[in-house]
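Reader: I'd like a walk through the empty spaces, cores and helices of this one. Could you give me the general idea each time, then the case at hand?

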Amino acid sequence: MMGKLIDVPRRTLAGLLALLTLAGAIMLTAMGQSTMQPLPASAPGREFSAERALRHLERFAAEPRPLGSPAGDRARTYLVGQLRAAGLDVEVQRAIGANSSSGLASFGQVDNVVATRRGSDATGTLLIAAHYDSAAVGPGASDDGAAVAAMLETVRALGTAPLRNDLVLLMTDGEEDGVLGAEAFVREHPLGRKGGVLLNWEARGVSGPSLMFETSRNNAGLVSTFAAAAPHPRGDSVMTELYRLLPNNTDFTPLAKAGFTGMNFAYIERSSRYHTADDSIANLDHGSLQHHGSTMLALARTLGDADLPALAADHDVTYFRILGVMVTYPGWLVWPLAVLAVLAVAGLALLARRARLASIPRIIVAAASAAVPLVLAVILAQGLWEVLVALRPAYDGMGGLLHRPSAYQAAVMLLAALALLTWYLPLRGRLGPAALAIGALVWPAGLGVLAAWFAPGAAFVLTLPALLCALGGLAALLLPGAVWRVVALTLGASMAAMLLPALAGTAFDGMGLALGGVSALVLTLFGLTLLPLAELALPEPRRSPVPGREGGGGRGSGTHRGSVLGVVVVAVLAVALTGVGLATDAFDAANPQRSHLAYVLNADTRVAHWVSGDADPTAWTRRYISSRDTGSLPAGYARRTLWTGDAPVIETEGPRVAILSRAGDTIRLRVRAGKGARSVTLRVERPITQVTAGATGLTQVTVPVSGIRANTWPGEIRFRGIPARGVDITLRVPGTDPVRLTAIAETDGLSAVPGFTPRPPGLVASTREDGDLIAVTRTYDLRPA
């Protein structure tokens with residue numbers, strides 16, 4: 001019982017044609033994930049025009065505009081003026097936004113832009129949201145300027161006639177520092193507590209389609225509306241489920257927690273530009289802006305005139321695109337499909353056993369052994385990343401999001417193929433091709449059951465390929481005629497071809513090569529579904545010589561040599577592609593390397609240092625740093641391994657901390673950052689459990705803190721956009737022993753330091769939060785009264 005699932009005349013040709021057909025399905029699927037053609041300014045007035053939106057973008061997104069910066073003030077002034085000119089009622093909500101994470105309390109004085117237009121017969125509120133602040137080192141043309149510009153163009157295209165429902169445009173501040181603006185909006189603004197339907201817009205790259213990647217719970221009505229209204233809907237429920245499991249957040253997170261139901265959109269390609277100076281208008285894909293805006297406008301019209309309460313549902317739906325069609329089905333179908341997939345695989349095993357193609361024990365052993373290529377592919381892909389970082393340390397600072405990763409991605413695909421071949425070729429002559437093909441399907445079917453339990457919206461990407469592959473196998477065993485058998489297997493594998501490679505591509509775009517093992521795992525699962533067709537294209541498996549048959553071992557020996565040669569060829573190609581990647585992904589002016597540099601002045605000792613966190617500093621960075629000695633840095637400043645170098649002392653005011661009181665574990669402070677400083681960070685040498693921040697005229701905010709900061713002092717407090725008059729900080733530190741606190745006043749840019757020379761072409765500032773800052777420190781002993 002060691003047969004093939006099918007065997008046909010001209011088997012090699014049949015196998016190659018089947019695999020080429022599936023390759024065509026993969027290509028068609030990829031083509032269907034494109035963006036839209038940008039429309040010119042001459043487009044009809046009711047349509048969204050990327051060119052018209054770009055005119056706004058050029059006015060406010062040509063420079064970095066972090067929270068509390070003059071550039072942020074200029075951007076806000078422009079946006080308020082445009083919204084008022086469009087006839088909306090506009091207010092600027094000033095408040096303290098707050099957030100906390102492990103060992104860290106983050107605050108900021110935010111200025112949210114809230115624009116409203118009353119509906120004619122409102123059934124609720126439609127809230128369209130994006131943030132107008134950017135990272136400190138880049139202009140944020142995509143993150144999130146494109147969405148803000150799209151809001152202005154959407155309002156223009158909607159015209160002056162009111163929609164049925166109330167329309168609110170929320171342009172938040174401080175998103176980059178911990179969704180501070182959105183948090184303040186839902187906590188203090190009446191509209192934030194009112195609820196409604198939310199459309200939030202983001203970007204994690206500078207190109208690609210606008211993906212609907214997150215929804216609130218019970219999304220059936222929302223997804224149905226999106227699929228029907230959006231001109232080119234993109235996204236699937238795998239992304240929704242994964243985002244719910246990950247710790248990432250956007251403005252959508254606090255808004256959804258406050259009771260808004262809605263959808264979150266972003267484009268994520270060419271993500272090496274994310275949070276750098278290259279997130280610029282010059283690098284923005286105009287088609288991505290068009291896709292953002294066309295989707296925004298269509299949903300604004302549809303939801304603006306909808307009966308919003310009627311969108312409420314009691315369940316989620318699964319949704320995805322196949323050949324340009326958005327497929328949706330209700331959550332109650334997830335488990336039946338998962339069970340059907342398992343039953344179909346089991347049925348295929350029983351039919352193969354009846355046809356004496358494979359025994360049940362061999363199928364079980366094959367299924368167990370199929371774990372080998374899955375694990376091996378992940379190990380090889382992650383090992384490739386470690387090799388790349390060792391050869392080019394600058395990659396580590398990019399988090400795996402590389403400028404030109406295509407050759408490396410192809411290498412990962414080959415490594416997945418290598419893992420499959422290393423497992424399959426030795427076993428096809430021992431267990432038989434049919435047993436291996438059926439056993440392989442146990443993995444997508446079994447993982448589909450797990451997904452149905454833990455992430456129901458993601459189960460389809462496993463259960464549907466397993467189900468259809470098994471049904472294709474059943475049909476191939478039952479149908480007469482060689483052609484129909486091949487057709488049945490090919491059609492059965494087509495769902496896998498349209499779903500799994502696309503998922504691997506999305507993982508490459510969103511996670512990069514640093515987590516290339518995720519894409520390798522998905523690609524290996526895809527490979528497992530192709531085994532019956534790939535078997536047709538392979539030479540006959542090696543078998544033990546049959547007594548009395550001449551030459552019985554000759555062909556087997558040749559086949560074995562051919563198998564070994566095939567594995568070697570794939571391995572060599574993977575290595576060659578890695579070399580191609582190293583050659584083609586060289587850093588240059590158009591694709592710059594990241595470098596980290598900061599200036600640190602200890603105002604207590606009047607000693608200054610240059611500091612860099614780069615693993616392998618560039619030649620430009622080495623002009624400022626010379627050693628790994630961090631012993632002379634201010635207490636509590638160092639985080640992780642740093643390079644340092646002597647720096648000139650500048651005249652600056654620096655931070656000031658006044659101890660107002662200390663009673664038990666509660667310490668009250670008055671904190672000022674000093675003239676010109678935008679932010680202040682407080683490092684505390686003991687863990688903190690609660691922090692309250694207040695400023696004149698603003699409601700104070702309290703956040704609990706748990707855990708500790710890694711690789712530095714355990715407690716940290718940040719206040720971005722700090723008022724010139726300072727802020728009041730109350731922190732709780734368990735115990736009554738003396739506590740040291742280091743205050744760090746932060747000013748953007750390094751040009752004020754004598755001897756500083758801007759980066760040459762080919763370098764941009766890194767994305768570390770402490771980079772390209774003048775940091776002035778003072779250390780205080782907080783003792784009981």
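Author: We'll go through cavities, then cores, then a helix and two single residues. This is a predicted model, so local features need pLDDT of at least 70 and side-chain atom pairs count only at pLDDT 80 or more, while totals for chains, interfaces and linings use all residues. Residues are numbered from 1 along each chain as its sequence is written, and side-chain values use heavy atoms, with hydrogens and water left out.

Reader: How many cavities of 30 Å³ or more does the structure hold?

Author: Rolling a probe the size of a water molecule over the atoms shows where empty space is left. Here a cavity is a set of points, on a 1 Å grid over the protein atoms alone, where a 1.4 Å probe fits but cannot get out; lining residues have an atom within 4 Å of a point. Volume is the space filled by probe spheres set on the points, which are joined across faces, edges and corners. By that count there are 4 cavities of 30 Å³ or more, and the largest holds about 120 Å³. It has 13 lining residues, and those closest to its centre are Thr 681, Arg 683, Glu 746, Glu 769 and Asp 770.

Reader: Which element gives the most to the lining of the largest cavity?

Author: Strand 19, with 3 residues. Helices (H or I, at least four residues) and strands (E, at least two) are DSSP runs, numbered from the N terminus. Strands 16 (679-684), 19 (715-720), 21 (739-748) and 23 (773-782) are the elements giving two or more residues to that lining.

Reader: And how do the linings of the two largest cavities split by class?

Author: Ala, Val, Leu, Ile, Met, Phe, Trp, Tyr, Cys and Pro count as nonpolar, Asp, Glu, Lys and Arg as charged, and the others, Gly among them, as polar. The largest cavity has 5 nonpolar, 1 polar and 7 charged lining residues. The second largest, at about 100 Å³, has 9 nonpolar, 3 polar and no charged ones. Leu 5, Leu 348 and Cys 469 are among its lining residues, and helix 17 (482-511) gives the most, with 3 residues.

Reader: Which residues touch the most other members of the largest nonpolar core?

Author: In soluble globular proteins, nonpolar side chains tend to be buried together. A nonpolar core is a set of buried Ala, Val, Leu, Ile, Met, Phe, Trp, Tyr and Cys residues joined through side-chain atoms within 4.5 Å; buried means under 20% relative accessible area, exposed over 50%, partly exposed in between (1.4 Å probe, protein chains only). The largest core has 78 residues, and Trp 423 and Phe 460 are among those touching the most other members. Helix 17 gives the most to this core, with 12 residues. A second, separate core of 62 residues includes Tyr 78 and Leu 303.

Reader: How does the span of helix 3 read?

Author: The expected span is 1.5 Å times one less than the number of residues. Helix 3 (residues 70-85) has 16 residues and reaches 23 Å from its first C-alpha to its last, close to the 22 Å expected. Its buried residues include Ala 71, Ala 75, Tyr 78 and Leu 79.

Reader: Last one: are Ser 237 and Arg 193 buried or exposed?

Author: Ser 237 counts as buried because its relative accessibility is 2%. Arg 193 is exposed, at 51%. Contact means heavy atoms within 4.5 Å; leaving aside neighbours within four places in sequence, Arg 193 is in contact with Val 186, Arg 187 and Glu 188.

Key. On a 1 Å grid over the protein atoms alone, a cavity is a set of points where a 1.4 Å probe fits but cannot get out, and a pocket is an open set with protein on both sides within 12 Å along at least five of seven lines; lining residues have an atom within 4 Å of a point.
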